[in-house]
Every structure is written in structure tokens, then in C-alpha cells.
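Visitor: I would like a close look at a single part of this structure. Please pick one helix, say how it packs, and then place it in its surroundings.

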Amino acid sequence: MSSGGRGSDGDRETESGGSGGSSDADRGRGGDWRNRGRQTLAWLVNASAVQRIAISLTALAFAVLVGGALVFASGFVASCRQPVIYIPLLGESCYNPVEVYWTMLEGSFGSLPNLARTLQETTLLLFTGLSVAVAFRAGLFNVGTQGQMVLGALATGLALVPLGSVLPDSVVGMLVAVPIGLVAGAVVGGFWGFIPGAMKSYADANEVITTIMLNFVATGIAFYLVSEHLGDPGTGSVQTVPVPSVARLPPTVDGSRFSVLALVGALLVAVGIFWLYDRTILGYELRTSGLQESAAEYSGVDAKRNVVTSMTLSGALGGIAGAIYVMMVHYRWQTGMPSLGFDGIAVSVLAGNNPIGVIPAALLFGGLKSGSFAVDFALGVPGELVVVLRGLIILFVAMPEFFRMIGTYYDFGDQPETAAADGGERQ
Amino acid sequence: MSDADTRSLPRIVRNHRNAFGLVLAILAALTIVVTVVPGGREVVADVSGVITASYLASAFRLAVPIAFAALGGIFSEKAGVINIGLEGLLIIGAFTAIVTLHFLPETTAIWVVWTAFGLAVLASAVVALLFAVVCIEFKADQVIAGLAVWLIALGFAPFASIIVWENVNSPSFVTFSSVSIPVLSELPSIGRLFVATPPVFMLVVAVPLSWYVLNRTTFGKWIEASGEDPKTLDTAGVSVRKVRYAGVVLSGVLCGIGGAGLALNVGQFVGSGETMVDGRGWIGLTAYLIGNYNPIGAFLASFLFAGLDALQIQLQQIAGYDVSSTLIGIIPYVAVVIVLAFVGRTRMPSEAGEHYESDE
């Protein structure tokens with residue numbers, strides 16, 4: 001089903017996500033990066049729930065398989081006291097992939113402290129995953145959640161410090177401090193999402209490129225500000241003064257840095273976003289504005305403004321992730337923040353960009369990240385394994401044809417990309 | 001900016017909108033520094049003081065990974081496959097070069113370094129080939145798959161470093177020594193420019209060669225057609241698939257040279273943070289967007305960014321400036337954002353990012 005491109009208006013190329021079967025003459029001239037987002041993962045959004053889950057699980061399984069092969073192979077290079085296996089000609093391998101994944105599972109869910117660490121990661125990943133998903137729902141690929149999170153965290157870290165001397169160190173004080181921290185993170189993160197959104201709408205600048213670049217700018221600006229002007233003068237590291245205890249979310253499990261309050265808040269946000277996008281007119285308009293600008297404009301919607309709104313909302317969620325990181329985990333901004341923003345891409349992609357799907361995806365990814373500590377500690381397998389898995393998951397989910405081949409082979413239902421609904425441009 | 005708006009501009013400005021915009025932006029920034037920032041005048045005086053032949057030589061050296069990545073991106077995208085995994089390919093190249101040195105006997109024999117160099121190029125080309133398979137056979141979304149290439153490399157290189165060296169950073173190895181071009185390197189004052197490591201000379205050759213291949217050869221015309229009008233290319237009996245494979249693998253080869261050049265110039269692999277590549281692939285991508293897919297323009301943009309980097313290093317050494325280092329580091333990223341937003345759009349190959357299926 002490739003109906004050919006819709007007519008182009010002016011110098012703007014309309015979406016043409018199909019394959020070469022469509023008529024080239026119908027395509028707009030002068031394509032540029034800006035239209036990429038519209039077809040990005042559209043096939044996933046349009047797949048049915050069962051297909052989506054099947055796709056995600058298959059992608060995950062393949063990523064785990066490839067990761068296991070990598071671990072096994074690297075075991076031949078690594079040096080250790082007790083090799084687990086000997087293969088003639090190849091030598092001894094230090095790592096047993098099954099043991100590695102089992103340790104990972106135990107290390108993420110096996111005990112209360114481990115579970116707390118997993119849920120701590122999950123909470124943060126819910127926000128970054130939702131940040132990416134919100135943009136994806138509107139056909140925008142926000143690679144900039146990382147930068148939005150870094151600047152949001154810095155804003156929260158700075159805004160909370162003076163509150164220590166003003167607010168009583170009590171629940172009442174916390175009821176004031178935590179919202180201030182969240183708003184500071186959301187506003188600055190939102191602003192950092194607003195920039196690429198406005199540039200996309202009003203200057204035709206592709207958001208993939210601008211958000212990637214703005215990540216580097218955000219890290220640079222934050223580093224500069226803290227190292228030169230706003231840092232903690234008492235230390236040699238590039239970090240801010242710790243936030244007062246009134247602004248720290250109380251740990252739910254002793255010895256951990258996990259607050260169930262934050263997790264509940266994150267879950268409510270996920271449900272709220274699902275409701276906003278699937279049950280309200282505003283959500284419908286936000287989605288169509290990114291996916292089908294001309295159609296949205298035709299029905300009297302300000303599509304450009306809605307694209308800006310989507311990116312701002314996405315950035316605000318990234319900023320809130322940073323705020324929670326400061327208030328729940330690290331109690332200060334420090335350079336070298338974990339790459340939760342990029343993890344958010346994997347979470348969202350794994351969730352089929354569905355806000356409710358983000359919940360299990362974040363839990364799974366939180367488990368992987370948390371379990372990687374145990375794997376590193378107990379078996380000596382570098383925790384960077386999870387970073388590799390993250391990339392592999394994104395890669396596998398991005399291959400529709402791969403799943404169609406698997407789907408045809410096992411005959412589970414329709415091919416995902418035949419379900420295209422965004423103007424029928426998918427083949 | 002629509003075509004009508006720019007029609008009044010002189011033709012040379014119109015054709016090189018991005019470059020002119022960049023120059024204007026830099027001039028504006030300079031003006032602000034000189035007039036507004038306290039002590040700005042002294043900074044500019046110091047800056048002009050450090051621009052010497054040895055400064056230019058180090059700018060050339062720093063341009064190697066950026067410019068090779070940019071050239072690679074041009075070949076791939078012109079052929080119709082957007083390759084935003086350039087950063088990942090540089091990381092693969094850099095890591096492979098150093099890990100090869102680790103497993104080879106430690107001698108100063110020249111073959112050791114060249115083997116490392118060759119394997120790095122091979123590794124990067126193989127990863128690019130896999131990326132091509134994913135994009136062409138499995139019809140992956142090119143932007144997401146490219147991002148995945150970067151993220152996988154970003155995880156794999158430190159992972160493997162820890163496996164091999166029990167540290168994300170490698171120890172130092174004996175590496176390329178500088179080569180001097182006879183006679184020219186003897187010249188007063190500019191002689192320093194003709195003493196460099198082999199990757200620098202390769203870059204000097206690769207830039208005009210890429211331009212020539214793209215603009216003056218049949219293969220270049222195929223690449224162009226594969227990205228602009230694959231149907232016609234197909235009708236003419238040339239396999240679009242093969243041309244696209246060639247474009248992507250070529251980008252892997254070029255990134256391999258860039259990554260190996262980067263690591264072998266230092267003699268060490270650094271895997272901490274964003275690895276030693278540290279955004280150079282992304283800067284390469286910005287360079288070819290600013291250079292509007294022209295190898296010469298992409299090189300000039302790369303050289304400009306590398307020059308800024310070199311400037312920052314020199315200023316720290318000579319004048320003791322410290323503040324500027326981070327801010328100078330983000331200039332390329334800010335520059336590309338400004339260029340994309342205010343100056344003009346780059347003219348992307350019209351079918352780049354689209355899958356092509358032959359009708360046979």
C-alpha cells in the first residue's frame with residue numbers, strides 16, 4: 001500500500017514514508033531533516049498492542065542474546081582466577097552468560113536494598129522515558145532529554161540551596177521545598193525543549209540534529225556555570241553545594257536512596273499523559289500536529305504552536321527527571337550525570353512510545369541498570385554491558401523488516417507496518 | 001528562509017549561505033567579545049598572537065577525526081543513507097587501533113602501527129556494513145539505527161577496555177612518528193606545517209580526492225543519483241542497493257581512518273565519559289551540514305572547529321585563560337544550531353532516509 005506522496009505545498013516536503021514504489025514526481029522537492037520525525041517509528045505507534053508487546057519482547061530477547069554472546073566472547077580475553085569453561089583451541093572463558101543474567105536478576109530484584117535500587121532507577125527512567133515518548137507521540141524525536149535533564153537538575157540544585165535557612169525542617173517545609181524543586185527543574189528543562197521545538201516550527205530546523213547538539217551545549221553550559229561561578233567552593237570537584245535536608249525525599253527503604261513518593265508521582269504522571277494524549281482533544285491535536293501538520297492546520301489547529309508545546313512538555317519531563325535525581329538520589333548537581341536521557345530513548349522505544357507501556361519498560365530497564373552493579377561486583381563483568389544492551393534494544397526495535405520476517409516465519413498476525421494510519425504512507 | 005527572500009542576495013552569498021552565516025556569526029561574536037566583555041581587547045590581541053605555523057599544524061591534527069567523519073557522512077548521505085552513527089564509527093576506529101597495538105609485539109617497527117591502522121579501518125567498515133544491512137535489508141529507520149550505532153559503540157568500547165586493560169583507559173603505546181616532507185619542511189616559518197603524522201597528510205589528500213570522486217567520476221554520479229533520484233539510476237541499469245552499500249561502507253572506511261588517526265596520534269584509548277572521540281563525530285556531522293555536502297566546505301568547517309579547539313589549548317598554555325575552554329568547546333554545537341535555524345536549510349539529498357526497492 002504505497003499511495004505516493006501527497007502534493008507538496010511550497011518548499012515543504014510532505015511525508016513520504018513508503019518505499020520506492022511511490023511516485024517520485026509527487027514527492028516534494030528540497031527535502032530536509034525536518035520531516036524525518038514524522039515517520040520515525042510511526043509503524044510502532046500504529047501496531048496493535050499485542051504486536052507491540054511481541055516486538056518489544058523479541059527485540060529484548062535478541063539484545064540479550066547478542067549481549068550474552070559478547071560477554072561470553074569477552075570472557076576469553078579477560079583474565080580471572082576461575083575460568084568457567086574451556087574450549088579447545090579457543091582457551092578458557094571467564095564468563096558464563098547465563099550466570100551473568102541470573103546474577104543481574106538477583107542483583108535487581110533479589111533483596112530489599114536491591115529492589116530499592118531498581119525502583120530508584122525505574123522512577124528516573126519513567127520520567128526520561130515519558131519525556132521521549134511524549135515527543136514521539138507527536139512525531140518528534142527528542143534526543144535531547146539528556147541535556148534537558150542536566151540543566152533541570154542544575155536548576156533544582158541551585159533553587160533548593162537557599163531554602164535550607166528559610167524553611168522549617170519538617171513535613172510542612174518539605175511540602176514547600178519539593179514543589180519548588182520540581183518546578184525549577186521543569187521550567188528550565190522545558191525551556192531547553194522549547195528551543196528545538198520553536199526552531200523546528202518556525203525555522204525548519206530538524207529536531208534530531210538540534211537536540212543532539214543542544215545536549216552538548218547544555219553539558220558545557222552547566223559545567224561552565226558550576227566550575228566558574230556557582231560551584232561549591234569547598235570542594236575540588238565540579239559540583240554544587242548540597243541541597244538542605246528539607247528538600248531531600250525521605251528514603252523508603254533504610255540505606256537506600258529511593259522514595260516511594262517519587263515512584264507514585266511518576267506513575268501518576270504516566271497515567272496522566274496517557275489520559276492527555278488518548279482521551280483529550282488537546283492530546284489529539286498535539287499528536288496530529290506533529291504527524292500531519294497540514295491536516296491539523298486544515299482543521300483550524302495551530303500545528304506549529306502544538307509542536308512547540310510537545311517539545312516543551314517533553315523537555316519539562318526531562319527536567320523533572322533531573323529534579324528527582326537531585327532531590328532523591330544525589331542531593332546535589334555534579335558533573336558527569338548518568339545518561340538517563342539516552343536510557344529514556346530505549347525505554348520509550350521498548351514501550352512502543354505508549355505512556356502506559358513506559359511503566360514496564362522502565363521497570364525492566366531499571367532492573368538491568370541496577371543488576372549491572374551486582375554483575376560488576378560479583379563476576380567482574382563491566383557494568384557497561386547495560387549500555388551495550390541499551391543500544392542493541394534500540395537497534396532491534398528500529399528494524400521493522402526484521403520483525404516482519406520473524407512474524408512471517410512464526411505467523412503471528414498482521415505485519416506491523418501494514419497497520420499504518422498516518423495517511424497511509426507506510427507500505 | 002524561502003528562495004524568494006534570498007533572491008536579492010548576490011549569487012555567491014546565495015550559494016554559500018551557510019558559510020556566510022557562519023562567518024557573520026563569528027564576526028558578531030568577536031565584536032561582542034572586543035567591545036562588551038571586560039578585557040576582551042586583550043583576549044583578541046592574545047589570540048592573534050598565538051596563530052602561528054605550529055598552531056595551524058595542531059589545528060590540522062585536530063581536524064583529522066572531524067573532517068574524516070564529515071567526508072564519511074557526505075558519501076553515505078549523498079548515496080541516500082543518513083548515517084548519524086559517525087561518532088560511533090570513530091569510537092570503533094579509535095578503540096580497534098589501540099587494542100591492536102596491545103596484542104601486537106611492542107616494537108617500534110613501522111608495520112605494527114600500520115597494522116593497527118588497517119584493522120581499525122576494517123573494523124569501522126564492518127560496523128558500517130552491518131549498519132547498511134540493517135538499513136537497506138531490514139528497512140530500519142536510519143536515524144534511530146544510526147543513533148543505536150553510536151550508543152552501542154559508546155558502551156562497547158569502555159566495556160572492552162575494561163576487559164582488556166581492567167580500566168576504561170588504555171596505557172600508552174608507541175605510535176606514529178612524524179613524517180617530514182623533504183625541502184618543504186625546511187622552509188622558514190611555515191616549514192612546521194610539513195612535519196606531521198601520516199593521517200594528517202592522508203586528510204590533505206582525501207579532501208580534494210573526495211571532491212573529485214563526487215563531482216568528476218561516474219561513481220560520484222551514481223552516488224548523487226542514488227540519493228536524489230534512485231529510480232532513474234535503477235532504470236539506467238545500476239543497482240541502487242549496491243551504490244548505497246558502497247556509500248555507507250565508504251563512510252565506515254573514512255571514519256575508521258579518522259578514529260584511528262585520532263587514537264594513534266595520541267597513542268592511547270580513553271574510554272571514560274564520552275570516550276576520547278568526545279563528540280567529534282557529531283561535530284563532523286555539523287561540519288558537512290554547514291559545508292552543504294561539499295567535501296571542501298565540510299573540511300573548511302572542520303578546520304575552523306579544530307582551530308577553535310587548538311586555540312583554546314594554546315590560550316591556556318600561553319595566556320593562562322581557563323574560563324574559555326568549556327565555552328569554546330560548545331561553539332561548534334551552537335554554530336550548527338544557529339546555522340540550521342537562522343541562515344538557511346542545508347540541501348539534503350531528496351531521497352536520503354527513504355528505502356528504495358527495485359521493481360524487478
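Guide: What follows takes one helix of chain B, its packing partner and its contact with chain A, and then looks at a few other places. The model is predicted, so each statement describes a computed model.

The part chosen is helix α8 of chain B, which covers residues 142–165. Its setting is a chain of 360 residues, of which 53% count as buried. Chain B holds 16 helices and 2 strands. Among its contacts between residues at least 6 apart in sequence, 76% join residues at least 24 apart.

Start with the helix that packs against α8(B). Two packed helices are described by the angle between their axes and the distance between the axes. Here the partner is helix α6 of chain B, residues 86–103; the angle is about 20° and the axes are 8 Å apart. An angle under 35 degrees counts as roughly parallel, and α6(B) and α8(B) are therefore roughly parallel to each other. Their crossing is left-handed.

Which residues meet? From α6(B) come B:E87, B:G88, B:I91, B:I92, B:F95, B:V99 and B:H102. On the side of α8(B) they meet B:V149, B:W150, B:I152, B:A153, B:L154, B:A157, B:A160 and B:V164. By class, this contact has 12 nonpolar, 2 polar and 1 charged residues. An α-helix has 3.6 residues a turn, so residues three or four places apart point the same way. With that spacing in mind, look again at B:I91, B:F95 and B:V99 in α6(B), and at B:A153, B:A157, B:A160 and B:V164 in α8(B), which are among the residues in the contact.

Helix α8(B) also takes part in the contact between the chains. In total, 52 residues of chain B are in contact with 53 residues of chain A. On the chain B side, the elements that give two or more residues are α8, α11 (230–235), α13 (280–290), α15 (324–329) and α16 (331–343). Of these, α8(B) gives the most, with 16 residues. The whole chain B side divides into 32 nonpolar, 11 polar and 9 charged residues.

Across that contact is chain A, with 427 residues, 57% of them buried. Its secondary structure comes to 16 helices and 2 strands. Among chain A contacts between residues at least 6 apart in sequence, 73% join residues at least 24 apart.

Two helices of chain A are worth a look for their length. Helix α14(A), residues 358–379, has 22 residues and reaches 30 Å from its first C-alpha to its last, close to the 32 Å expected. Of its 22 residues 16 are buried, so α14(A) is largely enclosed by the rest of the structure. After it comes A:G380, with a positive phi near 75°. Helix α3(A), residues 49–77, has 29 residues, and its end C-alpha atoms are 42 Å apart, which agrees with the span it should have. The buried residues of α3(A) include A:I55, A:A59, A:A63, A:G67 and A:L70.

Last, return to chain B for a single residue, B:W211 in helix α9 (residues 198–216). B:W211 has 19 other C-beta atoms within 10 Å; a buried residue needs 20 or more, so B:W211 is partly exposed. Leaving aside residues up to four places away in sequence, B:W211 touches B:P295 and B:I296. The C-alpha atoms of B:W211 and B:I296 are separated by 6.9 Å, although the two residues are 85 residues apart along the chain.

Methods: Residues are numbered from 1 along each chain as its sequence is written. Chains are lettered from A and ligands numbered from 1 in the order in which they are written. This is a predicted model: local features need pLDDT of at least 70, side-chain atom pairs count only at pLDDT 80 or more; totals for chains, interfaces and linings use all residues. Axes are lines fitted to C-alpha atoms, for helices over the stretch in contact, and angles run from 0 to 180 degrees between N-to-C directions. Helices (H or I, at least four residues) and strands (E, at least two) are DSSP runs, numbered from the N terminus. Angles under 35 degrees count as roughly parallel, over 145 as roughly antiparallel, 65 to 115 as roughly perpendicular and the rest as oblique. A crossing is left-handed if the near helix is turned anticlockwise from the far one by less than a right angle, and right-handed if clockwise. Two residues are in contact if their C-beta atoms, placed from the backbone, lie within 7 Å. Ala, Val, Leu, Ile, Met, Phe, Trp, Tyr, Cys and Pro count as nonpolar, Asp, Glu, Lys and Arg as charged, and the others, Gly among them, as polar. A residue is buried if 20 or more other C-beta atoms lie within 10 Å of its own, exposed if 12 or fewer, and partly exposed in between; C-beta atoms are placed from the backbone. The expected span of a helix is 1.5 Å times one less than its number of residues.
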